[in-house]
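Student: I have this one open on my screen and would like to go through it with you. Can we start with the charged pairs and then move on to how the parts fit together?

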Amino acid sequence: MAKTNPGRFFEDYAVGQVIPHAVPRTLSGGERALYHALYPARHALYSSDAFAAACGLGAAPLDDLIAFHTVFGKTVPDISLNAVANLGYAEGRWHRPVRPGDTLRSASEVIGLKQNSNGKSGVVWVRTRGLDQRGELVLDYVRWVMVRKRDLEAPAPETVVPRLAGVVAAGDLVLPEGLDFTGYDFTLAGEPHRMADYEIGEVIDHVDGVTVEEAEHMQATRLWQNTAKVHFDATFREDGRRLIYGGHVISLARALSFNGLANAQMIVGLNGGAHANPCFAGDTVRAWSEVLDKAETSAPGVGAIRLRLVAVKAGGVPGELRGEDGKYRPEVLLDLDYWALMPV
């Protein structure tokens, strides 16, 4: 019997299947240091224990996307080792902050399947839950991924496409216990803009850019234990190029958004997302955001702002997302719709 794991192929999934993922991971300040070395991350709540304490959180939690990447990375050997591409996200919520010393594990349930018309691959939808060492839910989200078939003659499964909410309702967002922005220090945070200063429909050009290097991309995939072949193995793709891990683009864009959204401190909801076009080493990533909605919360001085975060490469223009044909423009890399917490 073979001892190695070839990964699952499309015909290996069934709707209702629950897959517990291996290798729980205990996080430390090392992950924070590496995350801030890989990305120009500067949000004060995740950078300063004193700032976090003044906002009612005690010490600074780990960046929200550290939790996301860690939980996501656990799923790769079982969900997307043989992926063609990760396609999108929906219905994501962060349920509690992650702190140094917490141990995260994850499990996924298959909630949808659809074979592609070419018969060579199919789309798999999963709902993933990340749990800590106490079995408490840290975050959950849905993603869908295109996976190769092992046997092209294998019959297509019954098509099941899940109905997913277009947006997480503001009332369903989970706020960290004790969060209080009534004494928020805008000077230390880096910008004076509060939620009332932003208008729905406003587009913010984040100005700065970061050129992606092969070395940092590979360090990121190893850090989050993402073993998808398209990121590691240059022989796996016909063009001989390794795809930049989509989570790397997400974190770059989020970090770039600090310039103009420094006070959008915590991501608490993931409404949707798409990796619109591939990113490769040598591409320079820039970002812009559009304000989609604003909502009150029950926490003192805290509002929720819904943002569309768009990462683009050369040629991308702030506010331009799709062409006349309705498809993403070729320079668009990422279209991410999320909720963040901000002082009102």
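Student: Asp335 first: is it buried or exposed?

Tutor: In this predicted model, Asp335 has a relative accessible area of 6%, and because the cut-off for buried is under 20%, Asp335 counts as buried.

Student: And which residue does Asp335 form a salt bridge with?

Tutor: The partner of Asp335 is Arg308, and their closest N and O atoms are 2.9 Å apart. Asp335 sits in strand 11 while Arg308 belongs to strand 10 (residues 302–312), so this salt bridge ties together parts that lie 27 residues apart in sequence. Arg308 itself is partly exposed, at 22% relative accessibility.

Student: What about Glu31, which side chain does it meet in a salt bridge?

Tutor: Glu31 meets Arg25, with an N to O distance of 3.0 Å. Glu31 is buried, with a relative accessible area of 7%, and Arg25 counts as buried too, at 13%.

Student: How many residues apart are Arg150 and Glu11, and where do they sit?

Tutor: They are 139 residues apart, with Arg150 in the loop between strand 6 (137–148) and helix 5 (186–189) and Glu11 in the segment before strand 1, so the pair links distant parts of the chain. Their closest N and O atoms are 3.9 Å apart, and because the rule accepts a distance within 4 Å, the pair is counted as a salt bridge. Arg150 is partly exposed at 47%, and Glu11 is also partly exposed, at 25%.

Student: How many salt bridges does the count come to?

Tutor: The count comes to 15 salt bridges by this rule, and a network of them links Arg96, Asp132, Arg134 and Glu136.

Student: Changing topic, what does the domain assignment give?

Tutor: It gives domain 1, made of 1–27 + 62–164, and domain 2, covering 167–344. The centres of the two domains, taken over C-alpha atoms, are separated by 21 Å.

Student: How many residues of domain 1 are in contact with domain 2, and what area is buried there?

Tutor: There are 30 residues of domain 1 in contact with 31 residues of domain 2, and the area buried between the domains is about 2,600 Å², with carbon and sulfur atoms giving 56% of it. On the domain 1 side, His69, Tyr89 and Trp94 supply 26% of the area buried against domain 2, more than any other three residues.

Student: How many salt bridges and polar contacts does the rule find across that interface?

Tutor: Zero salt bridges are found between domain 1 and domain 2, whereas 13 residue pairs are in polar contact, both residues being at pLDDT 80 or more. Helix 4 (64–79) and strand 3 (83–94) are the elements that give two or more residues to the side of domain 1 touching domain 2, and by class that side has 15 nonpolar, nine polar and six charged residues.

Student: One backbone thing: which loop is Val23 in, and what is its phi?

Tutor: Val23 lies in the loop between strand 1 (18–20) and strand 2 (25–26), and its phi is positive, about 65°, although Val23 is not a glycine. With 52% relative accessibility, Val23 counts as exposed.

Student: And Gln225, what is its phi?

Tutor: Gln225 has a positive phi of about 55° and is not a glycine either; it is found in the loop between helix 6 (214–223) and helix 7 (229–232), and is partly exposed at 32%.

Definitions and conventions:
Residues numbered from 1 in each chain as written. Predicted model: local features only at pLDDT ≥ 70, side-chain atom pairs only at ≥ 80, totals over all residues. Heavy atoms only, no water. Domains from an automatic or database assignment. Contact = heavy atoms within 4.5 Å. Buried area = accessible area lost by both parts, 1.4 Å probe. Polar contact = N/O pair within 3.5 Å; in protein donor to acceptor, adjacent residues only side chain to side chain. Helix = DSSP H or I, 4+ residues; strand = E, 2+ residues; numbered from the N terminus. Nonpolar A, V, L, I, M, F, W, Y, C, P; charged D, E, K, R; others polar. Buried < 20%, exposed > 50% of the residue type's maximum accessible area, 1.4 Å probe, protein only.
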